[in-house]
Amino acid sequence: MSYRYRTKGTCSTLIEVELDGNIVKNVKFTGGCNGNLQGVSRLVAGRTVDEVEATLSGIRCGMKPTSCPDQLSKAVRAAYEAQQ
């Protein structure tokens, strides 16, 4: 299942998440720091929604209350809930 998540408060504007049940298969960011976000995307591939949330939720970018990884944690949860 593929899901598109509009980010809030980050340089990236969109996260596309592909899930297989509760397993993250693929992640693609639009905007943001390309190299870093490619790395984050590869690191979460094959992990569960719960693992991604536990690892990335709450990460901040400078003085911002969120970050691209934090938004990814929200995106995978939203994608998972949308398929239920």
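This report looks at one pocket, one helix and two single residues of a predicted model.

Residues are numbered from 1 along each chain as its sequence is written, and side-chain values use heavy atoms, with hydrogens and water left out. Because the model is predicted, local features need pLDDT of at least 70 and side-chain atom pairs count only at pLDDT 80 or more, while totals for chains, interfaces and linings use all residues.

**The largest pocket**

Rolling a probe the size of a water molecule over the atoms shows where empty space is left. A pocket is an open set of points on a 1 Å grid where a 1.4 Å probe fits, with protein on both sides within 12 Å along at least five of seven lines. The largest pocket holds about 180 Å³ of space. Its lining has 13 residues, and Cys33, Leu37, Cys61, Cys68 and Pro69 are the closest to the centre. A lining residue has an atom within 4 Å of a point. Two elements, α1 (34-44) and α3 (68-83), each give two or more residues to this lining. The largest share, 3 residues, comes from α1. By type, the lining has 7 nonpolar, 5 polar and 1 charged.

**Helix α3**

Helices are DSSP runs (H or I) of at least four residues; strands are runs (E) of at least two. Helix α3 has 16 residues. From first C-alpha to last, α3 reaches 22 Å, close to the 22 Å expected at 1.5 Å a residue. (The expected span is 1.5 Å times one less than the number of residues.) Ser67 caps the N-terminal end of α3, with a side-chain oxygen 3.1 Å from the backbone nitrogen of Asp70.

Buried residues of α3 include Cys68, Pro69, Asp70 and Leu72. The buried residues of α3 pack against β1 (2-6), β2, β3 (23-31), α1 and α2 (49-56).

**Two residues compared**

Buried means under 20% relative accessible area, exposed over 50%, and partly exposed in between (1.4 Å probe, protein chains only). Contact means heavy atoms within 4.5 Å.

| Residue | Location | Relative accessible area |
|---|---|---|
| Ser12 | strand β2 (residues 12-20) | 1%, buried |
| Lys64 | loop between α2 and α3 | 32%, partly exposed |

Contacts here leave out residues up to four places away in sequence. Ser12 touches Thr7, Phe29, Thr30, Gly31, Gly32, Leu37 and Cys68. Lys64 touches Gly9, Thr10 and Cys11, on the same basis of leaving out residues up to four places away. Lys64 and Thr10 are 54 residues apart in sequence, yet 8.2 Å apart in space, C-alpha to C-alpha.

Note on methods: Grid points are joined across faces, edges and corners, and a volume is the space filled by probe spheres set on the points. Ala, Val, Leu, Ile, Met, Phe, Trp, Tyr, Cys and Pro count as nonpolar, Asp, Glu, Lys and Arg as charged, and the others, Gly among them, as polar. A polar contact is a pair of N or O atoms within 3.5 Å; within protein, one must be able to donate a hydrogen and the other to accept it, and residues adjacent in sequence count only if both atoms are side-chain atoms.
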